[in-house]
Amino acid sequence: MAEDINKTPKARLRQRKMTVLNEPWTMIAGITALALLWLLITFLVIHDAMYRWTSFTVAALLLATALLLYLRRNPLGGIQKYHGAIADALLVSDAVPLTVLDSSGYVVELNEASSLMLGYQRFELIGEPLITLIDPGSRTTLKQALEEAAQGSITRNNVHINHRSGFPLELQIICSPMQRDGIIIGSLLICQDLSDRKRNVERIRYMAYYDDMTGLPNRTLFQIKLTESLASAGEEGRLVGVCYLDLDGFKLVNASFGREFGDMLLLQVAERATRGLSEQDLVARMEGDEFAFLFHSISSEDELMEKANKLLKAIEEPYELKGFPVHITASMGLVTSSQALDDGYTMFKKADIALVKAKENGKSDCKLYSESWENSSFERLKLQHELYQAIQRNEFVLHYQPQYDLGGGGIVGVEALVRWNHPVRGLLSPGAFIPLAEESGMIVQIGDWVLMEACRQNKEWQDEGLPPMPVAVNLSIRQFMQHDLAARIAEVLQLTGLEPQYLDLEITESMTIDVGHVTRCLLAITELGVGISVDDFGTGYSSFHYLKNFPIDRLKIDRSFVRDIQQDPDDAEIVAAIIAMAHNLNIQVIAEGVETEEQMEFLRRHQCDEMQGYFRSPPVSHDRIERMLKAG
């Protein structure tokens, strides 16, 4: 720059002219002008044909030279001027990992994507041999790829490399030679992380075959494993067992504590379900609160039944939610591969039918499938339709079981028990239709009718001059969980004209799970003047603290304790303890299921207040109750 300033103006002008003359564009323009001038002279001066063609050839060569210079300066649309920008863009890109190696395998450059993939900063790798990052088992593969690139070949290989954190990665590497002026000066590595792809594939597979909450296999995987087990069982001559389990009353847990705590309970159930299973056995979560068990090899149906009972005992151990002990029972349907033609779907269908039978049998039970139940699913669907029609046609009737005072012996109340007067099958007991009504939700409509009819009938008895006494009505769980239950009871009392002290509502221990709802509901009912009894007491895990604080008037000792008080000392102690505890809390006690005089005398000695059972009277029609009351 200093030399240019010191030159004279003429010298600078002369230098600029030389620079302009040396510019490629000047040379191209000069050659083109010369070619055109040559063509003009050829047309004007030369008349001989041979000399004219020779002159044309010279002009064409000049034009071709100009064109070649132009193309070399600006080849095919000028892409050369973008080469630098493209290289810069790739080096800062985080989309495709690129690494540039010299002929010795040392890192010359790498882009942002490579840096992120390996966990290193760019400056930490430049100048370092890439081979040190490669897993020892893949180093030979990389060396061969670099050698082939040095020979001009492009290769594609999978190698394992270590992330800076030590996490292994599997990469697919395309190794391409880099040339300058025809000489190979290094290699360009284009990488793709196969680890992410494999993790995504594994995640998709997991979502397809496993339950996301419990981590157990799902229905799809269970059916696959069952089919595989059946195929091998046929060849090996062994039996396969399937158990289909459903939790009893799980919806009440969700309604009482919320789905979050319901999920916590399911996780605990899943953990217990996996205990004691062999590596070949399988437990799967089918949906909701349903689980299925696959026993790969069993010797007999008795062995399957034994395994099922152990599972039920493990699952029925108390749980704790929000510091409150929760008792959940389960029902289970069982089936074995004794029928050689059964496939996986047929076996599971049979297990489902057996589960339905267990539910109908009173829950907390397991049933082994019987071939005589083949059409039971259709019959069940038919019964559900008939039950709906029964509600519309008012086919239900009430029977009443007297309740006796153990001191004086007189009738002090009755319990209303619903019966279905089926047009074809005759009078059906509650066990034949109540479980289906609860499952379908029709129990609410049936329960409302029972409440209305019992109050109406009791008021009618009083109007006829019979001694006034309370009528006991069982509430279903679905009824009890309704937010307007107290208002509904008040409406029934108003419509029938029955005074509230002559209505007694029976709830079960399982309904006391949600303490807040129970307290609000029971207080609202007792404010009406209606009595509250706890039915089937002793079969659950209710806290005596809650009994002390709930507005409860009576406890009904479950018939399972009363039945064996003469044979089982433990049951006798339990009954005596319940009576004493209730009296200390100023709660009356009534024992149900009394069938012998010895049982009655035992209850009388321990100062039980009331009793009901077949020893004095089974449930009878309202006409028979009238005659019994009139007879005194």
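Student: What separates Glu460 and Arg456 in helix α17?

Tutor: About one helical turn, because the two residues are 4 positions apart in helix α17. Keep in mind that this is a predicted model.

Student: What makes the pair Glu460 and Arg456 a salt bridge?

Tutor: Their side chains meet at 2.8 Å, N to O. The cut-off is within 4 Å, so the pair qualifies.

Student: Why is Glu460 called partly exposed?

Tutor: Its relative accessibility is 28%. Buried needs under 20% and exposed needs over 50%, so Glu460 falls in between.

Student: Which residues are joined into one network by salt bridges that share partners?

Tutor: Glu415, Glu506, Lys556, Arg559 and Glu592.

Student: Back to helix α17. What makes Glu453 and Arg456 a salt bridge?

Tutor: The closest N and O atoms are 2.7 Å apart. The rule asks for a Lys or Arg nitrogen within 4 Å of an Asp or Glu carboxyl oxygen, so this pair passes.

Student: Where do Glu453 and Arg456 lie?

Tutor: Both sit in helix α17, which covers residues 443–463. They are 3 residues apart, about one turn of the helix.

Student: Is Glu453 buried or exposed?

Tutor: Buried. Glu453 has 19% relative accessibility, and the limit is under 20%, so the label holds.

Student: How do you know that Arg456 is partly exposed?

Tutor: Arg456 has a relative accessible area of 35%. That value is neither under 20% nor over 50%, so partly exposed is the label.

Student: What makes Glu236 and Arg238 a salt bridge?

Tutor: The closest N and O atoms of Glu236 and Arg238 are 2.7 Å apart. With the cut-off at within 4 Å, the pair therefore counts.

Student: Why can such side chains pair at all?

Tutor: Side chains of opposite charge can pair when their charged atoms come close.

Student: Is Glu236 buried or exposed?

Tutor: Exposed. Its relative accessible area is 53%, and exposed means over 50%.

Student: And its partner Arg238, buried or exposed?

Tutor: Buried. Arg238 has a relative accessible area of 15%, and the limit is under 20%.

Student: How many salt bridges does this rule give?

Tutor: The count comes to 23.

Student: What share of the protein chain counts as buried?

Tutor: Of its 632 residues, 42%.

Student: How many helices and strands does the protein chain have?

Tutor: There are 25 helices and 21 strands.

Definitions and conventions: Residues are numbered from 1 along each chain as its sequence is written. This is a predicted model: local features need pLDDT of at least 70, side-chain atom pairs count only at pLDDT 80 or more; totals for chains, interfaces and linings use all residues. Side-chain values use heavy atoms; hydrogens and water are left out. Buried means under 20% relative accessible area, exposed over 50%, partly exposed in between (1.4 Å probe, protein chains only).
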